[in-house]
Amino acid sequence: MSLKFSVLASGSTGNAIYVETNKQRLLIDAGLSGKKIEQCFKQIGLCPSRLDGILVSHEHSDHIKGVGILARRYKLPVYANQKTWEAMAAGIGAIPLEQKFHFKTGEAKAFGDLDIESFGVSHDAADPMFFSFHHEGRQLTILTDTGYVSDHMMGITKGSDALIFESNHDMDMLRMGKYPWTVKRRILGDEGHVSNVDAGIALADIVRDSRADIYLAHLSLDNNMKDLARMTVQQTLEENNIEVGRQVKLYDTDPVIPTPLKVV
C-alpha cells in the first residue's frame with residue numbers, strides 16, 4: 001500500500017492537488033474550471049468519478065472555481081471549515097446538504113486508511129488552512145498561501161517525506177513589476193505569499209535533519225519563473241548546508257501540466 005499524489009495545477013491562475021492511497025482518493029482544492037480539472041486528471045490516467053471527496057483550503061477563486069461543478073457532477077462530499085463554507089457559498093453555487101461536511105482548522109480526521117491533519121496559515125481569507133497527510137509512516141504536507149511560515153507550521157511540516165511548498169514570487173520582480181502598490185503590499189505582507197528566498201529559509205529549517213522531495217508551488221505568473229524559483233531555493237538551501245540532489249530533491253509545478261503521479 002502507498003501514498004501517492006499529483007500536483008494537477010499550481011499557480012496564481014488555479015490550484016488543484018490529487019492525493020490517493022489504495023482506499024482513498026481526494027482532491028485538495030479545485031481552482032480551475034471543471035472541464036480543465038477533468039483534462040488534468042486525464043493527463044495522469046485518472047477520472048474525477050473515482051474521487052471520494054474534495055478538501056477546500058480557503059475561498060479564493062484560484063482554489064474553488066471548480067468545486068461546485070465537480071461536487072454536483074460526481075456527487076462528491078466537500079470538506080471545509082465553517083468560515084470557509086460561509087465565504088465560498090456564492091462562488092460555488094448550491095451543494096446538496098448531504099454532500100457538505102465540516103473539517104475544523106487544527107483538527108485531525110481519518111479518511112479510511114489516510115489520516116489528515118489540518119492547520120491554519122496566515123493569508124487574507126476567512127479561515128485558511130492546509131493539510132498534512134499520513135499513511136503507513138509516510139507524510140505529505142501541502143503548505144501554500146501564507147505570508148510567512150510560523151513555528152507551528154514548521155512543527156507540523158517537519159518530518160514530511162514530500163512537501164508541496166509555496167515559492168510564490170521573486171521580490172525584485174514583484175517590486176519592479178506592473179502591479180499597483182496596494183497589491184504588492186498585500187503579497188509582501190504577513191497575510192500574503194511566501195517569496196522564493198523565504199521559502200528557501202523555511203525549508204532549510206524544515207528538512208535540516210531529514211530527506212524530502214520538495215515541489216515548489218503557487219508560483220506567480222507575473223512575478224516569478226520556474227528556473228528562478230528553483231535556483232533561489234537551491235542556493236538558500238545550500239547556504240544552510242542542505243545537499244540538494246541528495247538530501248532533498250526540488251521539483252517544478254505548472255499551472256496546466258500535472259506532475260506525474262508520485263509515490264511518497
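**Helix α1, its neighbours and two loops**

The buried residues of helix α1 pack against three strands, β1, β2 and β3 (25-28), and against one helix, α3. I start with that packing, and I should say at once that what we are looking at is a predicted model.

Which residues of α1 are buried? They are Gly34, Ile37, Cys40 and Phe41. Because these four cover an arc of only 120° around the axis, they lie on the same side of α1. On the other side of α1 we find Lys35 and Lys42, and both of these are exposed. Just after the helix comes Gly45, a residue with a positive phi, near 75°.

Let me take the helix partner next. The axis of α1, which spans residues 34-43, and the axis of α3, which spans residues 67-74, come within 8 Å of each other and cross at roughly 70°. Since angles from 65 to 115 degrees count as roughly perpendicular, α1 is therefore described as roughly perpendicular to α3. On the α1 side the contact is made by Gly34, Ile37 and Glu38, while α3 contributes Ile69, Leu70, Arg73 and Tyr74. If we sort the residues of this contact by class, we have four nonpolar, one polar and two charged. Gly34 and Ile37, then, appear both among the buried residues of α1 and in its contact with α3.

Now to the strands. There is an open sheet of seven strands, and its order reads β6-β5-β4-β3-β2-β1-β14, with mixed pairing. At the edges stand β6 (100-102) and β14 (262-263), each of which pairs on one side only. Helix α4, residues 82-92, also packs on this sheet, where it touches β5 (78-80) and β6, and its direction makes about 115° with that of β5. Within the sheet, β1 (residues 4-9) and β2 (residues 16-20) pair in the antiparallel sense, and five bridges join them. As one example of how residues face each other here, Lys4 stands opposite Glu20 in β2.

I would now like to turn to the loops, where the backbone deserves some attention. Asp29 is found in the loop between β3 and α1, and its phi is positive, about 65°, although the residue is not a glycine. Is Asp29 buried or exposed? Its relative accessible area is 2%, so Asp29 is buried, given that the cut-off for that word is under 20%.

A second aspartate can be described in similar terms. Asp145 sits in the loop between β10 and α5, and Asp145, although not a glycine, has a positive phi of about 55°. With a relative accessibility of 1%, Asp145 counts as buried.

In that loop, between β10 (138-143) and α5 (151-157), we also find Thr146. Thr146 has a relative accessible area of 1%, and it is therefore buried. What does Thr146 touch, if we leave out residues up to four places away in sequence? The list is Val121, Ser122, His123, Met153, Glu166, Gly192, His193 and Val194. As for distances along and across the chain, Thr146 and Ala126 are 20 residues apart in sequence, and in space they are 13 Å apart, taken from C-alpha to C-alpha.

To close, I would keep two pictures in mind: helix α1, with its buried residues on the same side, and the loop between β10 and α5, where Asp145 and Thr146 are both buried.

Terms used
Residues are numbered from 1 along each chain as its sequence is written. This is a predicted model: local features need pLDDT of at least 70, side-chain atom pairs count only at pLDDT 80 or more; totals for chains, interfaces and linings use all residues. Side-chain values use heavy atoms; hydrogens and water are left out. Axes are lines fitted to C-alpha atoms, for helices over the stretch in contact, and angles run from 0 to 180 degrees between N-to-C directions. Angles under 35 degrees count as roughly parallel, over 145 as roughly antiparallel, 65 to 115 as roughly perpendicular and the rest as oblique. Contact means heavy atoms within 4.5 Å. Ala, Val, Leu, Ile, Met, Phe, Trp, Tyr, Cys and Pro count as nonpolar, Asp, Glu, Lys and Arg as charged, and the others, Gly among them, as polar. Two strands pair if DSSP finds at least two bridges between them. Buried means under 20% relative accessible area, exposed over 50%, partly exposed in between (1.4 Å probe, protein chains only). The arc is that of the directions from the helix axis to the C-beta atoms.
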